[in-house]
Amino acid sequence: MDDPLNWSADDQERALRAIAPWYDLDFGPLTDDVAMFEELVSPGQRVLELGAGSGRIAMPLAEIGCHVTAVDSSEAMLAIGEQQMRETAVEVVRDDMRCLQLGAEFDLVVFGLSTFQHLLRREEQLGSLRTARRHLASGGRLIIDWTAPRSDDVDPSPQIMHLEWVRHAESGELVTKSAAQELATERRCGLPVDRGSPIAWITYQYDAINEGGEMRRSLARFPLRVNLNAGEMAGLLAETDLRPVDWFGSWDFEEVGEGDRLIVIAEAVS
Ligand SMILES: C[S@@+](CC[C@H](N)C(=O)[O-])C[C@H]1O[C@@H](n2cnc3c(N)ncnc32)[C@H](O)[C@@H]1O
């Protein structure tokens with residue numbers, strides 16, 4: 001279990017099932033990335049979101065007139081917003097972005113909110129970029145948004161859980177989210193980390209207390225590629241015949257290094 005490279009699709013689904021009931025409460029308030037995507041598309045464009053989850057990004061893009069296809073491999077994640085996505089005219093596809101073949105072309109292909117970091121192995125990263133490339137229309141753009149490297153990413157000492165937020169759920173429950181990140185080091189688990197940035201175990205803990213004072217806990221632990229820098233991404237893009245045309249460091253289009261995101265806009269090399 002402690003070797004993230006043994007992580008299976010079933011393990012992933014189990015973790016996402018624990019997160020799914022709280023996803024909207026957790027990430028619903030996040031709209032700055034959605035605003036960035038809205039600035040980067042025009043109504044009428046065809047958009048493919050890979051790893052679309054609940055449709056948090058896909059739906060607003062459909063609402064401004066884009067033709068959106070939302071792909072995700074997780075039943076639990078799609079179930080959160082599937083009905084609403086269909087009502088918003090988003091085409092929902094349950095499939096794997098590492099090898100997806102829709103036989104359609106798009107003006108914009110998107111990996112939003114650190115989705116790319118779920119790809120643990122280099123061949124999965126390359127497979128997903130080839131998927132993006134394959135679905136780009138002539139002149140189309142790929143946008144990848146992920147968490148910029150932080151010094152904590154490579155700190156091998158055990159990380160403690162920290163409180164992220166306390167919020168009221170629609171059910172009336174008071175929910176707290178705590179999280180921790182722990183590097184999966186060679187020293188700790190004999191991990192044969194493959195080429196590229198390291199993998200960390202992320203823990204999300206949601207505690208919901210109802211009006212009667214009873215508490216229920218949802219715990220999810222999943223691996224994520226961390227410390228993925230622009231140089232590594234540039235190498236992956238070059239290997240898949242994609243060329244960066246712009247880089248940003250935040251959802252407000254700041255320079256790289258000025259924010260806590262890394263965002264690349266790329267196009268196909270013809
Ligand atoms: C961090 S969530 C982001 C969800 C959504 N894009 C958002 O911004 O709210 C990452 C999503 O990627 C999906 N995912 C991970 N690996 C995948 C794969 N190989 N194929 C399709 N979806 C995948 C997960 O199921 C999850 O819904």
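**A walk through a predicted two-domain model**

Let me begin with a single residue, P21, which lies in helix α1. This is a predicted model, and I will keep that in mind as we go through it. P21 counts as partly exposed, because 18 other C-beta atoms lie within 10 Å of its own, where 20 or more would be needed for it to be buried. Although P21 and I80 are 59 residues apart in sequence, their C-alpha atoms are 7.6 Å apart in space.

Let us now step back to the whole chain. The protein has 7 helices and 11 strands, and its radius of gyration is 18 Å, close to the 18 Å that the globule rule gives for 270 residues, so the protein is as compact as a globular protein of that length. If we draw a box along the principal axes, the C-alpha atoms fill roughly 55 × 45 × 35 Å. Of the 270 residues, 34% count as buried, and, among the contacts between residues at least 6 apart in sequence, 64% join residues at least 24 apart.

How is the protein divided into domains? The domain assignment gives domain 1, made of 31–149 together with 228–268, and domain 2, which covers 151–225. The centres of the two domains, taken over C-alpha atoms, are separated by 24 Å, and where they meet, 9 residues of domain 1 are in contact with 9 residues of domain 2. The side of domain 1 that touches domain 2 has, by class, 4 nonpolar, 2 polar and 3 charged residues.

A residue to look at in strand β9, which spans residues 215–225, is L224. Is L224 buried or exposed? L224 counts as buried, because it has 22 C-beta neighbours inside 10 Å. If we leave aside the neighbours within four places in sequence, L224 is in contact with Q117, H118, I199, A200 and I202. The C-alpha atoms of L224 and I143, on the other hand, are separated by 19 Å, and these two residues are 81 apart along the chain.

Next comes helix α7, residues 230–239, in which M233, L236 and L237 are buried. These three cover an arc of only 100 degrees around the axis, which means that they sit on the same side of α7. The buried residues of α7 pack against α5 (122–134), β10 (242–248) and β11 (261–268). After α7 comes D241, whose phi is positive, near 60 degrees.

Finally, I would like to turn to the ligand. Which residues come nearest to the ligand? There are 21 residues around it, and of these G51, G53, S73, S74 and L113 come nearest. The elements that give two or more residues to this shell are α1 (9–27) and β2 (67–72), and α1 is the helix in which we found P21 at the start. By class, the shell has 8 nonpolar, 9 polar and 4 charged residues.

One of the nearest residues, L113, lies in the loop between β4 (106–111) and α5. Phi of L113 is near 30 degrees, which is a positive value in a residue other than glycine, and L113 is partly exposed, because 19 other C-beta atoms lie within 10 Å. S114 is also found in the loop between β4 and α5, and S114 has a positive phi of about 65 degrees although it is not a glycine. S114 counts as buried, because it has 20 other C-beta atoms within 10 Å, and 20 is the number at which a residue begins to count as buried.

Definitions and conventions. Residues numbered from 1 in each chain as written. Predicted model: local features only at pLDDT ≥ 70, side-chain atom pairs only at ≥ 80, totals over all residues. Near = placed C-beta within 6 Å. Helix = DSSP H or I, 4+ residues; strand = E, 2+ residues; numbered from the N terminus. Nonpolar A, V, L, I, M, F, W, Y, C, P; charged D, E, K, R; others polar. Rg over C-alpha atoms; globule rule 2.2 N^0.38 Å. Buried ≥ 20, exposed ≤ 12 C-beta atoms within 10 Å, placed from the backbone. Contact = placed C-beta atoms within 7 Å. Domains from an automatic or database assignment. Arc of directions from axis to C-beta.
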